[in-house]
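Trainee: Could you take me through the aromatic rings in this one, covering who they pair with and where a charge sits over a ring?

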Amino acid sequence: MDTANACFGAHPKSLDKSESVTKRQILDLFEIPLPDLLVQAQKAHREHFDAREIRASTLVSIKTGACTEDCAYCAQSSHHADPVPYQPLMSVDDVLEAGRKAKAAGATRLCMGAAWRSPRTGPQFDAVLEMVRGVKSLGLEACMTLGMLDDEQAGRLKQAGLDYYNHNLDTSPEYYSKIISTRTFQDRLDTIRRVQEAGIRVCSGGILGMGESREDRAGLLHELANLPVPPESVPINKLMPMAGTPLSDAAPLDDLEIVRAIAVTRILLPATQIRLSAGRSSMSHALQLLCFLAGANGIFLGDQLLTAENPSQNEDKAMIESFGMVLRTEN
Ligand code: SF4
């Protein structure tokens, strides 16, 4: 079978679940010779985006560390040795100041992350809602990642004006329990459903290089591609091994497997923003260019990604310019 032709376009661009892509089809995509896979991904990319354009957004950690979850990759978990220092929830004023700075630097979206299993309804959640309203009043789009939500919280975030909610699936359903034991894959799907039902756009992706198999990578993409509503944004992270975490000595994933995974994501989700997220600081410019050619069209700007290192803003701007590409802030 000519998998290159058989699989291209197999995934629905709409919400028609009758066209659900199978995991076998996704694995077939992974096996296409890389030059052909890149051409397919470019074709899909150019049908929906200006392929020279890289979109940028900024990320601020509004509450750091002391997280009760045990995600094996995360230095914010209180289950691991050497967790990052705890910083309580930022004040609304400080978040708005960060928003003003982000806007002055050209951003039109502020992504705010809190290291929680789930937010507690009460004064803290009220402050979060105030942050959303304040960020919106600055003329910025607001994105939050706060952990698991219930229906009421999702509805209140929507009412406050939240544009995007980030909730990563991280890996395949089969591999999930090897990475996290304090919640289930189904918990993640439930929050994504609540967020979508509340009318908030979803940002959801995963982390590559946690010891998972290619089948697990295909399994993650299978879940993302078959969500009732495809995610508007998919962050693809390369594991940054953190000292003290169970994955601190994880063997690095082959660079070209990351390129393949991005290309497959682009083919499956042609109209979705694919953000090359954590891990860029360990990637050469040439590898990042390959990722963009495979269909990644977003990055985070700023030298810190929650707790992970990120290239400096000036370095990123120079890199994008050297590719003859254009860095565009979100809108
Ligand atoms: S990834 Fe999020 S939920 Fe998991 S330990 Fe880190 S901060 Fe907590």
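Mentor: Sure, let's start with a charge: the charged end of Arg-109 sits over the ring of Tyr-164, 3.7 Å from the ring centre. "Over a ring" here means that NZ of Lys or CZ of Arg is within 6 Å of the ring centre and within 35 degrees of the ring normal. Arg-275 does this too, lying over the face of Phe-300 at 5.1 Å from the ring centre.

Bear in mind that this is a predicted model, where local features need pLDDT of at least 70 and side-chain atom pairs count only at pLDDT 80 or more, while totals for chains, interfaces and linings use all residues. Residues are numbered from 1 along each chain as its sequence is written, and side-chain values use heavy atoms, with hydrogens and water left out.

Now ring against ring. Rings of Phe, Tyr and Trp (its six-membered ring) pair if their centres lie within 6.5 Å; planes under 30 degrees apart are stacked, over 60 edge-to-face, the rest tilted. That rule gives two aromatic pairs. In one, Tyr-176 and Phe-185 have ring centres 5.4 Å apart and planes at 85 degrees, so they're edge-to-face. Tyr-176 is buried at 2% relative accessible area, and Phe-185 is buried at 8% (buried is under 20%, exposed over 50%, partly exposed in between, with a 1.4 Å probe and protein chains only).

Phe-292 and Phe-323 are edge-to-face as well, 6.3 Å centre to centre with 65 degrees between the planes. Phe-292 is buried at 1%, whereas Phe-323 is partly exposed at 21%.
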